[in-house]
Amino acid sequence: MTRRLTAIFLALLLALGMMSIAAAEDGYPIEGDWEITIWCPLSALISPYVTNAAETPAIQELCRVTGVKLNFIHPTTGQEKENFNLLIAGGDIPDIMYTSQYAGGNTMGVDDGVYADLTDLVEQYMPHYYHYLSNDDEFRKLSTTEDGRVIAIYNYKDMVEPFWWRTQFRADLLEEFGMDEPCTIAEYEAFFDKVLETHPEITPFSLPNDGLNGAFMCAWDFGIIQQSRTADFYLEGDHAQSGYYAEGMYDYLKLMHDWYEKGYISKDFMSEDPTTLFQTGKVACVTGNGYEMYPTCNELGIPITCGPYARVNEGDKIHTLRHYWHNNAAETFVSGKVKGEKLEVILKFLDYGYTEEGILTYNFGTEGFTWDEVDENGYPIYNDFMLNNENYPIANAEAMLKVHAYAVPRWRYGDGICMATNQKNPDNWAYRARWGDDPDVDDSYGLPPFVLDADASERRAEIMNNVETHAKEMVLKYITGAADLANFDTEYTQVLKDFGVEEAIEITQAGYEAYLAK
Amino acid sequence: MRRSSKRVNESVDIVRLTYFQRLWRNMRHYPSLYLLFIPVLLYFLIFKYGPMFGAVIAFEKYRPARGILHSQWVGLKNFREFLTGPYAKRTIINTLMLNFWQILIGFPAPILLAILLNEVQHTRYKKVVQTTSYLPYFISLVVVCGIIKDFTASDGLFSDILASFGFPRENLLTDPRYYRAIYVASSLWQACGWGSILYIATLTNTDPQLYEAATIDGAGRFRCIWHVTLPALLPVIIVQLIMRIGNIMSYGADRTLLLYSPAVYDKADIISSFVYRYGLQDLNFSFASAVDLFNSVINLILLYTANKVSGKLTGESLW
């Protein structure tokens, strides 16, 4: 027994020794007296407690382990773009900038000297990041511009996780009617009829404010199942297509108009948030972020369950967007103004998120602070300080105590592994994972989020501005019946064509081909 | 005798002096007045004249990091793009129509309120009415628009009232037919009382003898209003009207942004909301500035015309 203990002790000592060697090799904390300014929006999860991210224990811990002092500039919520461009126009460029807000886009930002061109620097100063960049071909394609430059640092995540954007139902009503979660359009209608019949105080269904619901558009083979991106460009076979210009749009609008006329859809869908309508018990079915709605509804006492994506007939194949998890919207840019040693330090700081120690720090927090031991897979188990913090509820604790929503790129574990919320409430995670194994759903329609070059992206934005204004207006009018779907071809399709939507699709297609050829 | 001759000499001198010499002389005579004027001057220089140079970006392809001086010059491209684009006609018409209704209904209302209050004899009652009519003005516009959204929802107060008369329940604010009515009515409710202050103040300064004289001459209430109250108000009304017309193109952006939605763009999208969307949300700074500059030019023309017409018709004008 003693011998075994000694062996374990020695093994542990050895492991510790190796870890400390690794840490020494990594060279963190960085030596010297460095201050780095980070521009990023203030997360809503921490804003109830602090006005600046630097005040959170998470960032203080990060400063301690990396050895740099971090200062944060937060824009006013809702005015991020405006604030950012005012800052740039005033001549100040923060050292690190989270997400691209520069008027004119990423590549133009580099041309104008706002963002640094990191192409020749990553190999030397960000060796850990460069490792993924040079070994994962898809990641390299997604993380470089059309001409192969590295202008931003991206999160890396090597796993696909179940998606949370699903249609949610009042579980008690389904039970009352003896129904399963609807799947086909006919089943939806049967459910809505029952609701109208038996619960006149509840509206059966509501749409997002813009009238576009990807979880139903997909029944006609178009659209993206995600909030606010529903009618974006997607991939059909090997051709780019615009959701606004897709053939299925007519069928989708016809159904929604029908449902509006029958009283299935809330008359206030244009102004009321569907999630709020559901959570206040006014509406029996909406499409939304189940992952967030599930715990909230449990708290509010609204029975909730989620269903598969809608389809016209049982067994129809549904094509959705592939979720490029390892390259999500979290782009991080470095100031084009800093040079020399400071630039090296900034890159080294950014590289931390891809080092062994950094991956743990960014995904789980620092050892001894948010976790003390690891499970059989080597994943840290959160301690009481994180899971049952007396100051913050779990969702906020996650953002206050570990780096969760800041401008620091990193190698990311899946939410199922690294989120304290899921460790505390495994049923949350189970709820999100439901229907994730639907055999009729594939992700072949996703257009990779490649970066267009400056001129192309400007031209496309110019066209899509008009296209979207017109399309969004007409979509709402068709649903409410203010415009007649009989004139769909002339009032909608033809107008979008006149506005140049086909050119915008061509630009996207050319960008996609350039991406493939990289 | 000697003093007056000196004064004559002085005025002869003044005529011969240039503008700046006269200004200098005036400044030496009344230094404290000019000292008082300095903050006002600075305000206009810094906040009104300074930014005018920024309007140059309307002729450029502005990029923040390059600044005004180094961005690419594109001439009238942005103006052409707006005027030949699909939304120029609609936003201009909407701006004019919204203002037409606003002026037709919203402008006379405070005058009417002031005249009515002027006729009220019971001081306490008058004060109460006056104060309650001011109150909505002090509620933040965001709050007011939030209330309007709730009231016009399909389960809101207005829908309840309409439903009790047998109308179907609709969301009124997202129906293009009602949008302008809701807009005008809500701003009437909010601004009427406040707007009447100026007129009431003018009326308190009207010589009571005029009313007495009119009454002795046999004038009734309406005659008194017509021949005494209105003429007393006329100069103020004219000035207010000219100023209001000068505001047409820039009026109402905030209320529009808070109330409209894509469903009512047809009737609701005005030039300023269009500029907001394209300029601040989509970051087309140059395009938005071009539209706004175009807007200001029209504004100037309107103001100038209104002033001229008023000068001709009533003899009252701003300059």
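**Figure 1. A salt bridge between B:Arg169 and B:Asp160 in the predicted model.** The side chains of B:Arg169 and B:Asp160 form a salt bridge, with N and O 2.8 Å apart. B:Arg169 is partly exposed, at a relative accessible area of 38%. B:Asp160 is also partly exposed, with a value of 34%. Elsewhere, salt bridges with shared partners link A:Asp111, A:Asp117, A:Asp147 and A:Arg149 in one network. Over all chains, the count is 31 salt bridges.

**Figure 2. A salt bridge between two loops of chain A.** The side chains of A:Asp440 and A:Arg311 meet with an N to O distance of 3.8 Å. A:Asp440 is in the loop between α20 (426-433) and β14 (441-442), and A:Arg311 is in the loop between β9 (304-307) and β10 (318-319), so the salt bridge ties together parts of chain A that are 129 residues apart in sequence. Both A:Asp440 and A:Arg311 are buried.

**Figure 3. A salt bridge between two helices of chain A.** A:Arg432 and A:Asp415 are joined through their side chains, N to O, at 3.0 Å. A:Arg432 belongs to helix α20 and A:Asp415 to helix α18 (residues 415-418), so this pair connects parts that are 17 residues apart in sequence. A:Arg432 and A:Asp415 are both buried.

**Figure 4. The interface of chain A and chain B.** Here 30 residues of chain A are in contact with 29 residues of chain B. The two chains bury about 2,500 Å² between them, with 53% of this area on carbon and sulfur atoms. There are 6 salt bridges between chain A and chain B. In a salt bridge between B:Asp155 and A:Lys282, the closest N and O atoms are 3.8 Å apart. Across the interface, 12 residue pairs are in polar contact. On the side of chain A that touches chain B, the elements giving two or more residues are α3 (80-89), α4 (106-111) and α21 (454-480). Helix α21 of chain A gives the most, with 10 residues. The residues on this side comprise 10 nonpolar, 7 polar and 13 charged.

**Figure 5. The largest nonpolar core.** This core has 77 residues, of which A:Ile36, A:Leu62, A:Leu70, A:Tyr129, A:Val334 and A:Phe349 touch the most other members. Helix α14 (residues 340-351) of chain A gives the most to the core, with 6 residues. Another core, of 74 residues, lies apart from it and includes A:Phe192, A:Val195, A:Cys218 and A:Tyr245.

**Figure 6. Surroundings of A:Val334.** Leaving aside residues up to four places away in sequence, A:Val334 touches A:Asp95, A:Met97, A:Val114, A:Tyr115, A:Ala116, A:Leu118, A:Leu343, A:Ile346, A:Leu347 and A:Leu350.

Note on methods: Residues are numbered from 1 along each chain as its sequence is written. Chains are lettered from A and ligands numbered from 1 in the order in which they are written. This is a predicted model: local features need pLDDT of at least 70, side-chain atom pairs count only at pLDDT 80 or more; totals for chains, interfaces and linings use all residues. Side-chain values use heavy atoms; hydrogens and water are left out. A nonpolar core is a set of buried Ala, Val, Leu, Ile, Met, Phe, Trp, Tyr and Cys residues joined through side-chain atoms within 4.5 Å. Buried means under 20% relative accessible area, exposed over 50%, partly exposed in between (1.4 Å probe, protein chains only). Helices (H or I, at least four residues) and strands (E, at least two) are DSSP runs, numbered from the N terminus. Contact means heavy atoms within 4.5 Å. Buried area is the accessible area (1.4 Å probe) that two parts lose on being put together, summed over both. A salt bridge is a side-chain nitrogen of Lys or Arg within 4 Å of a carboxyl oxygen of Asp or Glu. A polar contact is a pair of N or O atoms within 3.5 Å; within protein, one must be able to donate a hydrogen and the other to accept it, and residues adjacent in sequence count only if both atoms are side-chain atoms. Ala, Val, Leu, Ile, Met, Phe, Trp, Tyr, Cys and Pro count as nonpolar, Asp, Glu, Lys and Arg as charged, and the others, Gly among them, as polar.
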